[in-house]
Amino acid sequence: MTGATAIAGPLEPGARVGLQLPADSTCSAVVADCDGRSLVLELDQHVPAAALEEGSVLDMFLSLSWGMYKWICIVSRAPEERRAEVQLLDAPMFIQRRLDPRVGVGVLAEVRTVRAGQASPPYPAVVADLSHGGLKLEGARQLRAGDLVEVTMELTATLVAPSGAVTLSGRVVMAYPSPNSDRGGATDAHVAFMEGQADEVAVVDRFVAQQLKCRWEA
């Protein structure tokens, strides 16, 4: 493996990435060109010049089916007509997908972000997938790694035996710009459930088991 390959990892032209900008804002972009450590990015939206000024250090994310890659990069050329250039500073950090069985659900949920012991008003997001250990949120308000969230959703294990609404607390382990949301600043987030909520996780386990059983029998 060459040094350039080790640094760039799975990055290639056409890959969609997320950028964590200063002041906890985010944006998404497409890799237009990748030459070792040097990347040219086509930004999906207008970004204020101050957020991507030359010399700014940013986190960049790439989500794939088997896990999440994260790089630290520096802006080598500020955006011009939504095109910016960055340099990768180190090899990527890799976060593997959860090993617990998980199912895609697409359930509408209410999310509260807990910061400094205070919960925000609830806002809607979609639980894209669910497992014993956690879930993925899509289209959430701006989240960042380390945030504590409370997610309330309605899970129905069977058509005749609804499990009802369940609220789970979790910690955001990864957040990045949502590529499928039409709301500016929306993020997708991978959430790991906190300890001490065995009853709530048992509801999730029953739901996941029922969904997997239905798919095996289909």
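A nonpolar core is a set of buried Ala, Val, Leu, Ile, Met, Phe, Trp, Tyr and Cys residues joined through side-chain atoms within 4.5 Å. With that in mind, please also remember throughout this tour that the model on your screen is predicted.

Begin with the whole protein in view, where you can follow two helices and 14 strands. Of its 218 residues, 40% count as buried, and the accessible surface comes to about 11,100 Å², of which 52% belongs to carbon and sulfur atoms. Among contacts between residues at least 6 apart in sequence, 54% join residues at least 24 apart.

Next, select L130, L135, L137, L143, V151, M153 and L155, which are the residues with the most contacts inside the largest nonpolar core, a group of 29 residues. Now colour the elements that give two or more residues to this core, namely β8 (102-115), β10 (123-131), β11 (134-140), β12 (148-156), β13 (162-177), β14 (187-193) and α2 (198-217). Which element gives the largest share of this core? The helix α2 does, with six residues. In soluble globular proteins, nonpolar side chains tend to be buried together. Apart from this core lies another one, of 25 residues, and to find it you can select L39, V47, A51 and M60, which are among its members.

Return to the first core and keep only β11 and β14 on display, two strands that run antiparallel and are joined by five bridges. If you pick K136, you will find that its bridge partner in β14 is H190. The strand β14 is mostly covered, since six of its seven residues are buried.

Now move to S28, which lies in strand β2 (residues 26-35). Is S28 buried or exposed? A residue counts as buried when its relative accessible area is under 20%, and S28, with a relative accessible area of 7%, is therefore buried. Leaving aside residues up to four places away in sequence, select what S28 touches, and you will have R16, V17, G18, L43, D44 and P177.

Keep R16 and P177 selected for the last stop, the second largest pocket, which has a volume of about 180 Å³. This pocket is lined by 14 residues, and those closest to its centre are R16, S63, Y176, P177 and P179. To see where the lining comes from, colour β1 (16-20), β4 (57-64) and β13, the elements that give two or more residues to it. The strand β13 is thus one you have already coloured, as it also gives two or more residues to the largest nonpolar core.

Conventions. Residues are numbered from 1 along each chain as its sequence is written. This is a predicted model: local features need pLDDT of at least 70, side-chain atom pairs count only at pLDDT 80 or more; totals for chains, interfaces and linings use all residues. Side-chain values use heavy atoms; hydrogens and water are left out. Buried means under 20% relative accessible area, exposed over 50%, partly exposed in between (1.4 Å probe, protein chains only). Helices (H or I, at least four residues) and strands (E, at least two) are DSSP runs, numbered from the N terminus. Two strands pair if DSSP finds at least two bridges between them. Contact means heavy atoms within 4.5 Å. Accessible areas come from the Shrake-Rupley method with a 1.4 Å probe; for residues, only the protein chains shown count as cover. On a 1 Å grid over the protein atoms alone, a cavity is a set of points where a 1.4 Å probe fits but cannot get out, and a pocket is an open set with protein on both sides within 12 Å along at least five of seven lines; lining residues have an atom within 4 Å of a point. Grid points are joined across faces, edges and corners, and a volume is the space filled by probe spheres set on the points.
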